[in-house]
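User: I would like a close look at one part of this model. Please keep it brisk and stay with the geometry.

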Amino acid sequence: MDVSLIKRRERLTNTTILSMTLFGWFLVFFSLFKVERIQGDLWTLVLLIAFLLMTELYPIPVWKGITTLSFPLIYTFVLIYGIWLGIITLAIVSLTVNLLKKRKQHVVWFNPGQLAITLWLTAVLTTFFLERFHINISDGITYYYVHTACFTFIFYLINNLIIDLVLWLKPQPYAWKDWKHKTYQETVIVLISISYLVFMFALGNQNRGVVDVFSYLFFFSPLVAASIISAVISNQHREKKRLQALVRLTKELNQSLPSHQWASAVESRIDEFIQTDATLFLIKSEDQGWKVVIQNGGIITGIEDVFETSWMESVDESIHYNARKHIPIWLSAYLYPSIRSVMITPLRVENETVGILLVGSEKNQIYQSNDIQFLSTLANQLAVIIKTRMLFSEREKRILLEERNRIAREIHDGIAQTLAGAVMKLESSKRVKAESEKTTLVNESIEKLRGSLGEVRESIYALRPAPTEKFGVEEAVRAKGEDLTRDYGLPVKMKIIGVPFEIPPHIEQNVYEVISEAMQNAAKHAEASKIQVTFKYRKHDLIVRVKDDGRGFHLYEALLKANTDAHYGILNMNELADQIDASLKINSSERFGTVILMVVPISK
């Protein structure tokens, strides 16, 4: 996203929040002049406020935010003491909770203002709806049921619309799946609230005695207890999910280590065990500069440049900035203005920094000691992964260098010596006068040159990439079939059953070699008129079937012959199958041709 656009959306978001905050607190101060004298038992008022404070102090985690079970208390408070005292009380309770939780400054004042607006609009719209449909208090219990359902629905609708508006205005993307998840959780709370209030009116309608402070104490105590227990259980469940996510991530990283897609596992899983609105993952490139692997959320392009300084090499543990004012200027310049907390964790192996993991949040003091421990654990795992990949890369380079040296030695000791000998004989033939001796020297030189030419061709073939590396096993077999059709006039048909899936390269290579050997034998020795190759993809394995209609052979005789002459390549096919834990079965008869069946367990 363009930096100027980010700043414009930040300004628009801040303006919206400020406007709602001012209007909300205007309603709170306006309510001071509208509130009527408190009637009834003062202890009931104190009890409801205390219960409301407790439910707000123990919220239930929802999506990236929180929700509470406080609405039945809010509704009861408004029903008993009126909307104006309800607005004042709810704003003061929300402000107290925000101060105790040490939330961001704008949140401390925005939440009470937002709730004041929500409660006021809910009361206005509910009154309008009931008057429009001529539903009044004279309707008895029906009025309270309708009033409860209408008030609850409108309250949650307005509250979520305000939250959605703020989230939509922010530069960070507000995904459809996130909205669905939040709405689902809030819907559950709505249903719980309506059920609890309906139950309250049903009990009250039975008229079993005076409704006093003890009645409210016994009725709302289970709600408060449920709120506290749910908050504790939710926190424990969240910690359990974080541990499970860390285990799954570690497993996926180990499985994806040989591939180039291993970083996608980190990108898809990191949100599961740590709250982040900005994620940056850097690794050391071959030129010792920083390479961006993951960059999401409130990160501005070019941030990798600020880590080029040598100070990062000396950092061996996480650095935590719990407020925007504490973040260094050189770093905050590359973060969205909304990012308040930042944690930077170096990835170190053997006193060497091989990567950097940075996470940021829009909340102050959001990262606690357990978050730092989780991120440090992940950083250690990633450091090992990066170091292992470095070793893989060095090993590949060493193997390539060794192979080049081997080819150089073979050329020096084989082809070069042969060519040198052939040149010497040809030079000697020029000095020989006898025609027969000259012809002998020339013929010997020609034979040596032909041998060297064969070695050169073999070396060139060995240096070419395997057909499966270029095209995949199916296309490689199809190309082999076209070659046989062109060279021997033998039609080769292919059939694929099931849905093809990705096969590891070394398995593809061995499968191709077995099929190629079987097709070559059918073309050269079986006098076949057609070949059928079938690939059958199943859940955990691949079945390959090669069938020809040739003259067939006796397997026992072929195995005896293979010990002295690799005529049919049967031993070679068995070895190739054993290397990939595949089972190979060969059926052949003189009247029905040959069928080679191989079952390859891909799951291994």
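Which residues does Thr-89 touch, not counting residues up to four places away in sequence? Please go on from there to the helices around it.

Analyst: This is a predicted model. Thr-89 touches Ile-49, Leu-52 and Phe-77, leaving out residues up to four places away in sequence. Thr-89 itself sits in helix H4. Its relative accessible area is 8%. The cut-off for buried is under 20%, so Thr-89 counts as buried.

Take the partner Phe-77 next. Phe-77 is one of the buried residues of H3. That helix is mostly covered, with 9 of its 11 residues buried. The buried set is Phe-71, Pro-72, Leu-73, Ile-74, Tyr-75, Thr-76, Phe-77, Val-78 and Tyr-81. Just after H3 comes Gly-82, with a positive phi of about 95°.

Phe-71, in the buried set of H3, also has contacts elsewhere along the chain. Beyond four places in sequence, Phe-71 touches Phe-151, Thr-152, Phe-155, Tyr-156, Ser-193 and Leu-197.

Now the core. The largest nonpolar core has 44 residues. Phe-71, Leu-73, Leu-119, Phe-151 and Phe-220 touch the most other members. Eight helices give two or more residues to this core: H1 (3-34), H2 (42-57), H3 (71-81), H4 (83-101), H5 (105-132), H6 (141-169), H7 (176-205) and H8 (213-255). The largest share comes from H4, at 8 residues. A second, separate core of 36 residues includes Ala-523, Ala-582, Met-598 and Ile-602.

Back to H4, the helix that holds Thr-89. H4 packs on H5 at an angle of about 160°, and their axes are 8 Å apart. Angles over 145 degrees count as roughly antiparallel. The two helices, H4 and H5, are therefore roughly antiparallel to each other. Their crossing is right-handed. On the H4 side, the contact uses Ile-83, Trp-84, Gly-86, Ile-87, Leu-90, Ala-91, Ser-94, Leu-95, Asn-98 and Leu-99. On the H5 side, it uses Val-107, Val-108, Trp-109, Asn-111, Pro-112, Leu-115, Ala-116, Leu-119, Trp-120 and Ala-123. Leu-119 appears here as a contact residue of H5, and Leu-119 is also among the core residues that touch the most other members. By class, the contact of H4 with H5 has 16 nonpolar residues, 4 polar and no charged.

H5 also meets H6. The axes of H5 and H6 come within 8 Å and cross at roughly 140°. That value makes H5 oblique to H6. The crossing of H5 and H6 is right-handed. In this contact, 19 residues are nonpolar, 6 are polar and none are charged. So much for the packing around H5.

A further buried threonine is worth setting beside Thr-89. Thr-16 lies in helix H1. Its relative accessible area is 16%, so Thr-16 is buried. Setting aside neighbours within four places in sequence, Thr-16 is in contact with Leu-165 and Leu-169. Thr-16 and Leu-165 are 149 residues apart along the chain, yet their C-alpha atoms are separated by 9.1 Å.

That pair leads to the chain-wide figures. Contacts between residues at least 6 apart in sequence were classed by separation, and 68% of them join residues at least 24 apart. The protein chain has 604 residues, and 43% of them are buried. It contains 17 helices and 12 strands.

Two loop residues deserve a backbone check. Glu-527 has phi near 55°, a positive value in a residue other than glycine. Glu-527 lies in the loop between helix H15 (505-524) and strand E9 (531-537). Its relative accessible area is 64%, so Glu-527 is exposed. Asp-581 also has a positive phi, near 60°, and is likewise a residue other than glycine. Asp-581 lies in the loop between helix H17 (570-579) and strand E11 (583-589). At 48% relative accessibility, Asp-581 counts as partly exposed.

To return to the starting point: Thr-89 is buried, belongs to H4 and touches Ile-49, Leu-52 and Phe-77. H4 gives the largest share of the largest nonpolar core.

Key: Residues are numbered from 1 along each chain as its sequence is written. This is a predicted model: local features need pLDDT of at least 70, side-chain atom pairs count only at pLDDT 80 or more; totals for chains, interfaces and linings use all residues. Side-chain values use heavy atoms; hydrogens and water are left out. A nonpolar core is a set of buried Ala, Val, Leu, Ile, Met, Phe, Trp, Tyr and Cys residues joined through side-chain atoms within 4.5 Å. Buried means under 20% relative accessible area, exposed over 50%, partly exposed in between (1.4 Å probe, protein chains only). Helices (H or I, at least four residues) and strands (E, at least two) are DSSP runs, numbered from the N terminus. Contact means heavy atoms within 4.5 Å. Axes are lines fitted to C-alpha atoms, for helices over the stretch in contact, and angles run from 0 to 180 degrees between N-to-C directions. Angles under 35 degrees count as roughly parallel, over 145 as roughly antiparallel, 65 to 115 as roughly perpendicular and the rest as oblique. A crossing is left-handed if the near helix is turned anticlockwise from the far one by less than a right angle, and right-handed if clockwise. Ala, Val, Leu, Ile, Met, Phe, Trp, Tyr, Cys and Pro count as nonpolar, Asp, Glu, Lys and Arg as charged, and the others, Gly among them, as polar.
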